[in-house]
Amino acid sequence: MSGAFLNEAVANPPNSRPPLRKSPYVANAAEALKNYTRNTARTWYKDGVDPNDQTGKYACQRLRQTWFTPQLDPKFKLRRDDKFYAIGSCFARGLESSLAGHNMVVESAAPEFAKLQPANKERSGLGFTNKYNTYSILNELHWALDADAEFPRESIVQLTNTTWYDPHTTPTLDFVGLEETLERRALIQTVTKRIRDCRAVILTLGLAEVWRDVQPDVFVNCTPIPSLFKTQPNRYEFHLTNFAENLANLEAVHALLSRHGHPDFHIVVTVSPVPLMNTFSTMDIVVANTWAKSLLRAVAQEWAAYEIVQNSDRAAAWEPDLRHVKGAGAQHIMELFLQKYLE
């Protein structure tokens with residue numbers, strides 16, 4: 001079953017192109033003009049307006065606010081007794097914390113994870129559960145929800161006589177023996193199964209650069225630990241994924257939840273604003289980050305998403321490393337989300 005998670009596009013002829021998708025929205029002139037009239041957030045700038053008036057309706061004014069607040073048109077409503085499940089990059093952990101602070105039930109922030117002690121005591125053990133790319137999100141849901149999907153145990157790598165590494169997790173914990181490594185794997189899958197009872201699912205997309213384990217034919221969660229490139233130099237291959245691959249993965253996630261999830265589930269998809277730490281492409285890291293976030297943002301738009309952190313005041317939104325979003329940022333996003341989407 002692991003082959004279901006692979007990039008099958010490599011089998012296509014080099015010059016082949018995927019078929020063009022239809023435009024996601026088409027309107028006649030009358031409807032487009034009606035959109036223009038009704039949309040109070042339609043214009044970036046107008047001659048004569050004061051750009052420093054933060055109460056104005058133009059983008060050049062609204063973008064001067066400390067926290068950018070986009071105009072939202074909710075397509076569904078959630079209830080206070082709904083359960084939430086967040087899966088994705090580290091930004092998902094911040095959203096979990098904020099939701100819990102609003103007394104929402106967040107199944108992905110399971111109390112069982114509290115026993116996971118990180119190697120770096122300044123970090124949370126919850127980082128162990130991060131899923132950085134659409135392949136690893138899809139994999140985790142397959143292994144937990146699909147009875148026919150078998151976890152590729154051969155992808156767990158022996159490091160020393162006494163330690164093993166699960167590349168479908170994040171290496172934030174101390175490496176341990178095979179038995180404990182498999183216990184951690186079982187815990188993740190046990191918690192992931194709880195998504196079945198969650199009406200609200202939050203997907204946070206992080207990376208478009210991914211790694212594939214050639215031996216069991218499966219994509220892994222993040223860059224393999226450096227020692228493996230020395231001991232097993234031919235085991236992993238690097239992929240720059242494209243729009244079609246990531247969109248197909250998200251559509252597969254939707255299909256999985258349609259079969260195994262809550263009968264009235266709703267997906268909120270967002271792109272983590274946390275930039276890449278490194279790139280394994282030939283691009284400048286800044287260019288690589290812009291490319292990846294733009295690609296994932298376009299994929300997310302096929303469903304629904306909004307930009308907040310990237311358009312907010314940098315000093316208010318970011319920690320000094322300009323990679324991690326301050327807690328106030330996640331708090332603002334969740335307050336806006338609950339204000340708009342909670343009945």
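This passage looks at how two helices pack in a predicted model and at the salt bridges found there.

Two packed helices can be described by the angle between their axes and the distance between those axes. Here the pair is helix α4, covering residues 134-145, and helix α5, covering residues 178-192. Their axes come within 9 Å and cross at roughly 85°. Since angles of 65 to 115 degrees count as roughly perpendicular, α4 is therefore roughly perpendicular to α5. On the α4 side, the contact is made by Glu-140, Leu-141, Trp-143 and Ala-144. On the α5 side, Arg-185, Ile-188, Gln-189 and Thr-192 take part. Sorted by class, the contact has 4 nonpolar, 2 polar and 2 charged residues.

Glu-140 and Arg-185, both part of that contact, also form a salt bridge with each other, with the closest N and O atoms 2.4 Å apart. The pair links distant parts of the chain, as Glu-140 sits in helix α4 and Arg-185 in helix α5, 45 residues apart. Both Glu-140 and Arg-185 are buried.

Arg-185 has another salt bridge to its name, this one with Asp-166, at 3.1 Å from N to O. Asp-166 lies in the loop between β4 (164-165) and α5, while Arg-185 is in helix α5, so this pair ties together parts that are 19 residues apart in sequence. How accessible are these two residues? Asp-166 has a relative accessible area of 6%, so it counts as buried. Arg-185 has a relative accessible area of 4%, which means that it is buried too.

Looking beyond the helix pair, the structure holds 14 salt bridges. One of them joins Arg-194 to Glu-112, with the closest N and O atoms 2.4 Å apart. It is a link between distant parts of the chain: Arg-194 is in the loop between α5 and β5 (200-205), Glu-112 is in the loop between β2 (105-106) and α4, and the two are 82 residues apart. Are these partners buried or exposed? Neither label fits, because Arg-194 has a relative accessible area of 21% and is partly exposed. Glu-112, at 29% relative accessibility, is likewise partly exposed.

Salt bridges also join up into a network, which links Arg-79, Asp-81, Asp-82, Arg-199 and Asp-264.

Note on methods. Residues numbered from 1 in each chain as written. Predicted model: local features only at pLDDT ≥ 70, side-chain atom pairs only at ≥ 80, totals over all residues. Heavy atoms only, no water. Axes fitted to C-alpha atoms, helices over the stretch in contact; angles between N-to-C directions. Helix = DSSP H or I, 4+ residues; strand = E, 2+ residues; numbered from the N terminus. Parallel < 35°, antiparallel > 145°, perpendicular 65-115°, else oblique. Contact = heavy atoms within 4.5 Å. Nonpolar A, V, L, I, M, F, W, Y, C, P; charged D, E, K, R; others polar. Salt bridge = Lys/Arg side-chain N within 4 Å of Asp/Glu carboxyl O. Buried < 20%, exposed > 50% of the residue type's maximum accessible area, 1.4 Å probe, protein only.
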